[in-house]
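Q: Can you walk me through this one? I have the sequence and the model open.

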Amino acid sequence: MKHADWLMRLPRNNRLLADYRANPFSRGDACILTTSARHFSLQYIREEALPTPFCPGCGNGTIMNVFLKAVKDLGHENLRGFAFVSGIGCASWTISPHFLADTLHTTHGRALAFATGLKLARPELKVVVISGDGDLAAIGGNHLIHAARRNIDMTVICSNNYNYGMTGGQVGPTTFTGDRTTTSPYGNPERPFDLARLVAAAGANYVARWTTAHPIQAVRSIKRALERKGFSFIEILSQCPTSYGRRVKMPSPTDMLQWFKTLPMKRPDTPIEYTVPTKEGMDLGEFTDREEMGYAEALKQMAARIGGRSE
Ligand SMILES: Cc1ncc(C[n+]2csc(CCOP(=O)(O)OP(=O)(O)O)c2C)c(N)n1
Ligand code: SF4
Ligand SMILES: [Mg+2]
């Protein structure tokens with residue numbers, strides 16, 4: 001969308017719009033806005049796809065923002081060297097139709113299977129998956145642990161909002177014990193996964209957990225993940241006021257952001273083994289950071305050994 005068109009979308013009484021209407025070529029605020037206030041992320045986004053379909057206050061916009069900031073910081077002027085894959089769910093809409101890039105919006109739970117095929121067919125591409133906790137860890141849980149075990153070269157960003165947001169707030173594999181959801185009206189009797197520990201234990205090279213209230217740390221980890229070979233996984237705890245927050249006494253997005261800010265940092269001596277996540281104890285930080293051989297390199301070495309081609 002052109003900036004002038006964007007200005008025309010502002011309410012009629014908006015001062016910037018009035019300024020622009022009075023003199024589109026002036027050097028007033030409107031002109032400054034059209035030249036210098038363009039958000040950095042727009043260079044990576046199909047502007048015709050805006051606004052996003054997310055509910056007001058949803059954390060997925062922040063996830064989109066931190067990912068693109070990491071891309072920008074790494075010096076990519078566009079997304080041409082990337083290929084993006086998502087499953088089904090609100091989080092999956094982060095990538096397509098918004099990213100100005102090659103994207104695969106696949107079937108529910110199968111993002112990592114598609115991403116694996118894509119990486120093997122086009123190893124030169126940086127494959128990135130952005131999807132939800134349900135998509136990646138419930139129906140897609142097997143793909144998740146095996147992609148980590150194989151150390152397949154890709155970066156996976158999980159928007160963990162503790163429920164199936166898009167389908168109305170069902171209980172999922174990260175929903176806390178006791179939480180009321182549409183399918184656990186008396187409280188969730190199950191124990192949730194600790195996704196960061198699960199994926200680290202399964203063999204990923206790099207794993208970190210942050211929240212939408214920790215954008216600077218999230219950008220830093222995403223940059224690190226994008227530069228790693230092998231499997232990298234960033235869990236981002238994200239607010240879903242519509243389907244989750246209002247059922248667990250955190251109806252406003254800021255309620256959840258305030259909760260995120262109280263979460264502890266992972267201590268270096270904290271064990272990597274499974275601990276039952278709780279709302280108070282969900283620790284943040286890096287869970288593993290190693291340089292083990294990625295799947296692409298393992299295939300290459302095998303091909304060299306048997307005299308074949310890996311690419
Ligand atoms: C095979 C299959 N089963 C179920 C569904 C319905 N469905 C669509 S999205 C979704 C869950 C989404 O949850 P999550 O991945 O956490 O994404 P969120 O919407 O919370 O971001 C489900 C169950 C489907 N589309 N396909
Ligand atoms: S339902 Fe939840 S996750 Fe989906 S767009 Fe709305 S706030 Fe975001
Ligand atoms: Mg979810």
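Q: How many nonpolar, polar and charged residues are in the shell around ligand 1?
A: The model is a predicted one. The shell around ligand 1 has 10 polar, 5 nonpolar and 2 charged residues.

Q: Which residues come nearest to ligand 1?
A: Of the 17 residues around ligand 1, these come nearest: Gly 89, Gly 132, Gly 134, Asp 135 and Gly 165.

Q: And which elements give two or more residues to that shell around ligand 1?
A: Helix 6 (133–137) and strand 5 (163–164) do. Helix 6 gives the largest share, 3 residues.

Q: What about ligand 2? Which residues are around it?
A: Phe 54, Cys 55, Cys 58, Asn 60 and Cys 90 are among them. So are Asn 161, Gly 165 and Met 166. The list also includes Cys 240, Pro 241, Thr 242 and Ser 243.

Q: How does the shell around ligand 2 divide into nonpolar, polar and charged?
A: Into 7 nonpolar and 5 polar residues, with no charged ones.

Q: Switching topic. How many helices and strands are in the protein?
A: The protein has 11 helices and 9 strands. It has 311 residues, and 45% of them count as buried.

Q: Which residues touch the most other members in the largest nonpolar core?
A: Phe 67, Val 129 and Val 199 do. That core has 75 residues. Its largest share comes from helix 4 (residues 60–73), with 7 residues.

Q: Why would nonpolar side chains be buried together?
A: In soluble globular proteins, they tend to be. That is a general trend.

Q: Back to Val 199. What does Val 199 touch?
A: Leaving out residues up to four places away in sequence, Val 199 touches Leu 144, Ala 148, Ala 204, Val 207 and Phe 233.

Q: Leu 144 and Ala 148 are in helix 7, right at residues 141–150. Which residues of helix 7 are buried?
A: His 143, Leu 144, Ala 147 and Ala 148. Seen down the axis of helix 7, they fall within an arc of 125 degrees, so they line one face of the helix.

Q: What covers the buried residues of helix 7?
A: The cover includes helix 5 (111–121), helix 6, helix 8 (195–202) and strand 8 (231–237).

Q: What happens just after helix 7?
A: Asn 151 takes a positive phi there, of about 60 degrees.

Q: Last one. Among contacts between residues at least 6 apart in sequence, how many join residues at least 24 apart?
A: In this protein, 66% of them do.

Conventions
Residues numbered from 1 in each chain as written. Chains lettered and ligands numbered in written order. Predicted model: local features only at pLDDT ≥ 70, side-chain atom pairs only at ≥ 80, totals over all residues. Near = placed C-beta within 6 Å. Nonpolar A, V, L, I, M, F, W, Y, C, P; charged D, E, K, R; others polar. Core = buried A, V, L, I, M, F, W, Y, C linked by C-beta atoms within 7 Å. Buried ≥ 20, exposed ≤ 12 C-beta atoms within 10 Å, placed from the backbone. Helix = DSSP H or I, 4+ residues; strand = E, 2+ residues; numbered from the N terminus. Contact = placed C-beta atoms within 7 Å. Arc of directions from axis to C-beta.
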